[in-house]
Amino acid sequence: MKKGHFISFEGPDGSGKTTISSLVSQALKKRGFDVVYTREPGGIRISEMIRDLILDPKNVEMDAKTEALLYAAGRRQHLVEKIIPNIDAGRIVLSDRFVDSSLAYQGVGREIGIKEVFDINMFAIEGYMPELTIYLDIDPQVGLDRIGSRDFKDRLDQEDISFHERVSQGYELVKEKYQERLKIFDGNRSIEDLTSEITEYIIEWITAHEA
(Lines give C-alpha, C1' and ligand atoms only; values in the text may rest on other atoms or scores of the structure.)
Protein backbone atom coordinates (compact mmCIF):
# COMPACT_ATOMS: atom_id res chain seq x y z
CA MET A 1 0.00 0.00 0.00
CA LYS A 2 1.32 3.41 -0.92
CA LYS A 3 1.67 6.02 1.81
CA GLY A 4 -0.59 9.02 1.98
CA HIS A 5 0.41 12.66 2.34
CA PHE A 6 0.65 15.16 5.20
CA ILE A 7 -0.42 18.74 4.42
CA SER A 8 -0.70 21.52 6.98
CA PHE A 9 -2.45 24.89 6.87
CA GLU A 10 -0.87 27.90 8.56
CA GLY A 11 -1.54 31.58 9.05
CA PRO A 12 -2.09 34.17 11.77
CA ASP A 13 -5.35 34.50 13.69
CA GLY A 14 -8.12 35.83 11.49
CA SER A 15 -6.51 34.64 8.25
CA GLY A 16 -9.47 32.39 7.45
CA LYS A 17 -7.24 29.33 7.73
CA THR A 18 -9.69 27.16 9.68
CA THR A 19 -12.66 27.91 7.44
CA ILE A 20 -10.71 27.47 4.22
CA SER A 21 -8.87 24.31 5.30
CA SER A 22 -12.21 22.71 6.22
CA LEU A 23 -13.75 23.71 2.88
CA VAL A 24 -10.70 22.40 0.99
CA SER A 25 -11.03 19.10 2.83
CA GLN A 26 -14.68 18.83 1.76
CA ALA A 27 -13.81 19.76 -1.82
CA LEU A 28 -11.10 17.11 -2.03
CA LYS A 29 -13.47 14.46 -0.68
CA LYS A 30 -16.00 15.38 -3.35
CA ARG A 31 -13.26 14.88 -5.94
CA GLY A 32 -12.71 11.34 -4.66
CA PHE A 33 -9.69 11.79 -2.40
CA ASP A 34 -9.47 9.87 0.89
CA VAL A 35 -8.97 12.80 3.27
CA VAL A 36 -8.69 13.03 7.04
CA TYR A 37 -9.16 16.54 8.41
CA THR A 38 -7.77 17.43 11.82
CA ARG A 39 -6.55 20.38 13.87
CA GLU A 40 -3.97 21.56 16.37
CA PRO A 41 -3.98 21.82 19.21
CA GLY A 42 -6.42 18.92 19.33
CA GLY A 43 -7.50 16.32 16.84
CA ILE A 44 -7.84 13.48 19.34
CA ARG A 45 -9.22 13.18 22.87
CA ILE A 46 -6.03 13.77 24.87
CA SER A 47 -4.88 16.63 22.66
CA GLU A 48 -8.32 18.27 22.79
CA MET A 49 -8.05 18.26 26.58
CA ILE A 50 -4.66 19.95 26.27
CA ARG A 51 -6.21 22.46 23.83
CA ASP A 52 -8.87 23.39 26.38
CA LEU A 53 -6.17 23.93 29.00
CA ILE A 54 -4.01 26.13 26.74
CA LEU A 55 -6.76 28.29 25.29
CA ASP A 56 -8.96 28.77 28.34
CA PRO A 57 -9.04 32.56 28.96
CA LYS A 58 -9.09 31.91 32.71
CA ASN A 59 -5.54 30.47 32.63
CA VAL A 60 -3.89 33.88 32.66
CA GLU A 61 -1.05 32.71 34.91
CA MET A 62 0.23 30.14 32.39
CA ASP A 63 3.97 30.55 31.81
CA ALA A 64 5.16 30.88 28.20
CA LYS A 65 7.40 27.80 28.40
CA THR A 66 4.59 25.78 29.97
CA GLU A 67 2.43 26.79 27.02
CA ALA A 68 5.12 25.72 24.53
CA LEU A 69 5.58 22.37 26.25
CA LEU A 70 1.84 21.72 26.31
CA TYR A 71 1.61 22.40 22.58
CA ALA A 72 4.46 19.96 21.94
CA ALA A 73 2.87 17.31 24.16
CA GLY A 74 -0.47 17.59 22.40
CA ARG A 75 1.30 17.45 19.04
CA ARG A 76 3.15 14.28 19.97
CA GLN A 77 -0.02 12.44 20.90
CA HIS A 78 -1.84 13.77 17.83
CA LEU A 79 0.99 12.61 15.57
CA VAL A 80 1.33 9.06 16.88
CA GLU A 81 -2.37 8.43 17.40
CA LYS A 82 -3.91 10.03 14.33
CA ILE A 83 -1.57 11.57 11.76
CA ILE A 84 0.96 8.78 11.19
CA PRO A 85 -1.57 5.88 11.20
CA ASN A 86 -3.72 7.61 8.58
CA ILE A 87 -0.75 8.47 6.37
CA ASP A 88 0.46 4.87 6.64
CA ALA A 89 -3.03 3.77 5.57
CA GLY A 90 -2.67 5.82 2.37
CA ARG A 91 -4.87 8.76 3.32
CA ILE A 92 -4.27 12.48 2.85
CA VAL A 93 -4.09 14.20 6.23
CA LEU A 94 -4.95 17.91 6.29
CA SER A 95 -4.08 19.60 9.57
CA ASP A 96 -5.17 23.05 10.66
CA ARG A 97 -1.78 24.08 12.13
CA PHE A 98 1.34 22.09 13.04
CA VAL A 99 4.89 22.91 14.16
CA ASP A 100 5.15 26.20 12.27
CA SER A 101 2.50 27.67 14.56
CA SER A 102 4.61 26.97 17.64
CA LEU A 103 7.68 28.52 16.05
CA ALA A 104 5.73 31.72 15.32
CA TYR A 105 3.48 31.94 18.38
CA GLN A 106 5.71 30.61 21.14
CA GLY A 107 9.14 31.03 19.56
CA VAL A 108 8.67 34.66 18.51
CA GLY A 109 5.28 35.76 19.87
CA ARG A 110 6.18 34.61 23.40
CA GLU A 111 9.86 35.48 22.80
CA ILE A 112 11.13 32.07 23.88
CA GLY A 113 13.27 31.72 20.74
CA ILE A 114 12.65 29.81 17.53
CA LYS A 115 15.55 27.39 18.10
CA GLU A 116 14.38 26.57 21.61
CA VAL A 117 10.81 25.87 20.47
CA PHE A 118 12.08 23.98 17.42
CA ASP A 119 14.18 21.72 19.66
CA ILE A 120 11.24 21.02 21.99
CA ASN A 121 9.13 20.01 19.01
CA MET A 122 11.80 17.93 17.33
CA PHE A 123 11.93 15.85 20.50
CA ALA A 124 8.15 15.50 20.32
CA ILE A 125 7.74 14.67 16.64
CA GLU A 126 11.15 13.16 15.84
CA GLY A 127 11.46 15.16 12.62
CA TYR A 128 8.07 14.18 11.21
CA MET A 129 7.09 17.33 9.28
CA PRO A 130 4.39 18.12 6.70
CA GLU A 131 5.34 17.59 3.07
CA LEU A 132 3.41 20.70 2.03
CA THR A 133 2.19 23.72 3.99
CA ILE A 134 -0.50 26.06 2.70
CA TYR A 135 0.09 29.51 4.19
CA LEU A 136 -2.59 32.22 4.22
CA ASP A 137 -0.89 35.60 4.33
CA ILE A 138 -2.67 38.52 5.98
CA ASP A 139 -1.79 41.71 7.84
CA PRO A 140 -1.97 41.13 11.63
CA GLN A 141 -4.24 44.13 12.16
CA VAL A 142 -6.70 42.82 9.57
CA GLY A 143 -6.68 39.48 11.38
CA LEU A 144 -7.31 41.19 14.71
CA ASP A 145 -10.20 43.13 13.23
CA ARG A 146 -11.71 39.86 12.05
CA ILE A 147 -11.37 38.04 15.37
CA GLY A 148 -12.71 41.11 17.15
CA SER A 149 -16.17 40.18 15.91
CA ARG A 150 -16.04 36.66 17.38
CA ASP A 151 -18.47 35.87 20.18
CA PHE A 152 -15.79 33.90 22.04
CA LYS A 153 -12.13 34.89 22.19
CA ASP A 154 -9.62 32.37 23.50
CA ARG A 155 -6.55 33.20 25.55
CA LEU A 156 -4.38 33.90 22.49
CA ASP A 157 -7.09 35.86 20.69
CA GLN A 158 -7.12 38.25 23.65
CA GLU A 159 -3.43 39.14 23.37
CA ASP A 160 -2.61 42.71 22.32
CA ILE A 161 -1.47 43.86 18.89
CA SER A 162 2.23 43.71 19.82
CA PHE A 163 1.97 39.96 20.42
CA HIS A 164 0.23 39.40 17.08
CA GLU A 165 2.79 41.58 15.32
CA ARG A 166 5.56 39.40 16.76
CA VAL A 167 3.69 36.31 15.59
CA SER A 168 3.57 37.81 12.10
CA GLN A 169 7.33 38.42 12.28
CA GLY A 170 7.76 34.82 13.39
CA TYR A 171 5.87 33.58 10.37
CA GLU A 172 8.14 35.66 8.13
CA LEU A 173 11.09 33.71 9.55
CA VAL A 174 9.23 30.44 9.07
CA LYS A 175 8.46 31.32 5.44
CA GLU A 176 12.13 32.04 4.82
CA LYS A 177 13.34 28.88 6.55
CA TYR A 178 10.87 26.51 4.90
CA GLN A 179 10.24 28.20 1.56
CA GLU A 180 10.59 24.92 -0.34
CA ARG A 181 7.66 23.47 1.65
CA LEU A 182 5.39 26.51 1.92
CA LYS A 183 2.95 27.67 -0.74
CA ILE A 184 1.72 31.19 0.06
CA PHE A 185 -1.76 32.47 -0.77
CA ASP A 186 -3.20 35.95 -0.28
CA GLY A 187 -5.56 35.66 2.70
CA ASN A 188 -7.34 38.90 1.74
CA ARG A 189 -9.08 37.21 -1.20
CA SER A 190 -12.57 35.73 -0.99
CA ILE A 191 -13.13 32.40 0.74
CA GLU A 192 -14.62 30.97 -2.46
CA ASP A 193 -11.64 31.95 -4.62
CA LEU A 194 -9.11 30.71 -2.09
CA THR A 195 -10.90 27.41 -1.57
CA SER A 196 -11.02 26.74 -5.30
CA GLU A 197 -7.42 27.78 -5.98
CA ILE A 198 -5.96 25.86 -3.04
CA THR A 199 -7.96 22.74 -3.87
CA GLU A 200 -6.65 22.76 -7.43
CA TYR A 201 -3.11 23.41 -6.25
CA ILE A 202 -3.21 20.47 -3.83
CA ILE A 203 -4.59 18.14 -6.51
CA GLU A 204 -1.78 19.16 -8.87
CA TRP A 205 0.77 18.72 -6.07
CA ILE A 206 -0.53 15.22 -5.21
CA THR A 207 -0.56 14.24 -8.90
CA ALA A 208 3.04 15.41 -9.33
CA HIS A 209 4.22 13.57 -6.22
CA GLU A 210 2.53 10.32 -7.18
CA ALA A 211 3.63 10.32 -10.81
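Start by selecting Gln-106, which has its place in helix α4. Keep in mind as you go that you are looking at a predicted model.

**Stop 1: Gln-106 and its surroundings**

Is Gln-106 buried or exposed? Its relative accessibility is 1%, so Gln-106 counts as buried. Now show what Gln-106 touches, leaving aside residues up to four places away in sequence: you should find Glu-67, Ala-68, Tyr-71, Ser-101, Glu-111, Ile-112, Gly-113, Val-117 and Leu-156.

**Stop 2: the helix alongside**

Some of those contacts lead to the next selection, helix α3, residues 64–88. Colour α3 and α4 and look along them: their axes come within 11 Å and cross at roughly 180°. The two helices are therefore roughly antiparallel to each other. To see where they meet, show Glu-67, Ala-68, Tyr-71 and Arg-75 on the α3 side, and Val-99, Ser-102 and Gln-106 on the α4 side.

While you are on α3, click on Val-80, which is found in this helix. How exposed is Val-80? At 35% relative accessibility it counts as partly exposed. If you like to check distances in the viewer, try the C-alpha atoms of Val-80 and Glu-67: the two residues are 13 apart along the chain, and these atoms are separated by 20 Å.

**Stop 3: Tyr-105 and its aromatic partners**

Go back to α4 and select Tyr-105, then add Phe-163. By the pairing rule used here, the count for the structure comes to 6 aromatic pairs. Tyr-105 and Phe-163 form a tilted one, with 6.2 Å centre to centre and 55° between the planes. This pair links distant parts of the chain, since Tyr-105 belongs to helix α4 (residues 99–109) and Phe-163 to helix α7 (residues 161–177), 58 residues apart. Both partners are hidden from the surface: Tyr-105 is buried at a relative accessible area of 4%, and Phe-163 is buried at 0%.

Now add Tyr-135 and Tyr-171 to the selection. Together with Tyr-105 and Phe-163 they form one aromatic cluster.

**Stop 4: the sheet**

Hide the side chains and switch to a cartoon view. In what order do the strands of the open sheet run? There are 5 strands, in the order β2-β3-β1-β4-β5, and the pairing is parallel. At the edges stand β2 (35–39) and β5, each with a single partner strand, so one side of each is left without a neighbour in the sheet. Neighbouring strands are turned against each other by 20° on average, direction ignored.

Next, select strand β1, residues 5–10. All 6 of its 6 residues are buried, so β1 is largely enclosed by the rest of the structure. In a regular strand the side chains alternate between the two faces of the sheet. Turn the side chains back on to see this arrangement: His-5, Ile-7 and Phe-9 are on one side, Phe-6, Ser-8 and Glu-10 on the other, and both faces are covered.

β1 has neighbours to look at on either hand:

- Strand β3 (residues 92–96) runs parallel to β1 and is joined to it by 5 bridges. Here His-5 stands opposite Ile-92.
- Strand β4 (residues 132–137) also runs parallel to β1, with 4 bridges between them. Phe-9 has Ile-134 as its bridge partner in β4.

Move across to β4, which is mostly covered, with 5 of its 6 residues buried. Another 5 bridges join β4 to strand β5 (residues 182–186), and these strands run parallel. One bridge to pick out joins Thr-133 to its partner in β5, Leu-182.

**Stop 5: the helix across the sheet**

Bring back α7, the helix that carries Phe-163. It lies across β1, β4 and β5, and runs at about 145° to β4.

**Last stop: two lysines over rings**

Finish with two charged side chains. Select Lys-177 and Phe-118: the charged end of Lys-177 sits over the ring of Phe-118, 5.4 Å from its centre. Then select Lys-183 and Phe-185, where the charged end of Lys-183 sits over the Phe-185 ring at 5.9 Å from its centre.

Methods: Residues numbered from 1 in each chain as written. Predicted model: local features only at pLDDT ≥ 70, side-chain atom pairs only at ≥ 80, totals over all residues. Heavy atoms only, no water. Phe/Tyr/Trp six-rings, centres within 6.5 Å; stacked < 30°, edge-to-face > 60°. Buried < 20%, exposed > 50% of the residue type's maximum accessible area, 1.4 Å probe, protein only. Lys NZ or Arg CZ within 6 Å of the ring centre and 35° of its normal. Pairing = 2+ DSSP bridges. Axes fitted to C-alpha atoms, helices over the stretch in contact; angles between N-to-C directions. Contact = heavy atoms within 4.5 Å. Parallel < 35°, antiparallel > 145°, perpendicular 65-115°, else oblique.
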